[in-house]
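Here is a short note for a colleague who is meeting this structure for the first time. Please read it with the sequence and the coordinates open alongside.

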Amino acid sequence: MPVENEPLPDETRPAAKSELTRALILETAMRLFQERGYDKTTMRAIAKEAGVSVGNAYYYYASKEHLIQGFYDRIAAEHQAAVRSVLEQENDLQARLAGVLRAWLDVAAPYHEFAAQFFKNAADPDSPLSPFSTESAHAREAAIAVHREVLAGSRAKVPAELADVLPELMWLSQMGLVLYWVFDRSPDRERSRRLADRGARLTARGVSLSRFRVLRPLVHEVHELFTDFLPGMAQTVAGRKGGTG
């Protein structure tokens, strides 16, 4: 049994130090992005503020874009942890989805001003900062996995042919909420919270209606529309099919 405060094995120390350095660089970057703006913050300034060499900063993050990917991954991980209580206690689809959306708003709350600053970069579909970019695939898949769990753990009856399509559409609806949240100036982003609740109710109704065979082609058509026009969705679908083929 490990002894409390027992020194780490020698082979563990470098890995732990490496993770601490990585986290320090990311924390410093996020602070400077909020203070100075994304465009005006350089990797050199981040390295100086973090107390590491420029080369060391580039070792952990090849560019500012990679720092944003680190931020996306952190948000995704924090969100996955934050939704555990609602997913373990609720089996009603609307309640599960509302809880997941509100949990995202809570996790993202400290970064609201920063999100507004760099949105013009993320809104460009060709930018690596876009949630639909190849570079954002890891965080995107983690977010879709949450919605897959939302659906699978609910008591909603979902046709087998829509089991993969619906979580992706649910994630897209979350992206609509994120877009609204970026520009929301209401106190405590209360309008975004109301939108999350109403969006959850509407989505739950849509999922319920999808059990009718006559409406299933419409769901597929909507999914294909997004797949055709959003590059990240095409990549997501290809990855899903590759993983199950």
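The points below take up one helix, one residue and one annotated span in turn.

1. The model is a predicted one, and the remarks that follow should be read with that in mind.

2. Helix H10 runs over residues 190–209, and at 1.5 Å a residue its 20 residues should span 28 Å; the C-alpha atoms at its ends are 29 Å apart, which agrees with that expectation.

3. Within H10, the residues that are buried are Ser192, Arg193, Ala196, Ala200, Thr203, Ala204 and Val207. Viewed down the helix axis, these buried residues fall within an arc of 115 degrees, so they line one face of H10. Turned away from that buried side is a face carrying the exposed residues Arg198, Leu202 and Arg205.

4. As for what the buried residues of H10 pack against, the partners are helix H6 (93–108), helix H8 (137–152) and helix H9 (165–183).

5. One of these partners, helix H8, contains Val146, which is buried, because its relative accessible area is 4% and the cut-off for buried is under 20%. With neighbours within four places in sequence left aside, Val146 is in contact with His79, Gln80, Val83 and Val100. Val146 and Arg84, although 62 residues apart in sequence, are 9.8 Å apart in space, C-alpha to C-alpha.

6. An unreviewed UniProt entry gives the annotation "DNA-binding region" to residues 42–61. In the model, this span of residues 42–61 is 75% helix and 0% strand, and its end C-alpha atoms lie 12 Å apart.

Methods. Residues are numbered from 1 along each chain as its sequence is written. This is a predicted model: local features need pLDDT of at least 70, side-chain atom pairs count only at pLDDT 80 or more; totals for chains, interfaces and linings use all residues. Side-chain values use heavy atoms; hydrogens and water are left out. Helices (H or I, at least four residues) and strands (E, at least two) are DSSP runs, numbered from the N terminus. The expected span of a helix is 1.5 Å times one less than its number of residues. Buried means under 20% relative accessible area, exposed over 50%, partly exposed in between (1.4 Å probe, protein chains only). The arc is that of the directions from the helix axis to the C-beta atoms. Contact means heavy atoms within 4.5 Å. UniProt positions are given in the numbering used here, feature names are shortened, and annotations may be inferred rather than shown by experiment.
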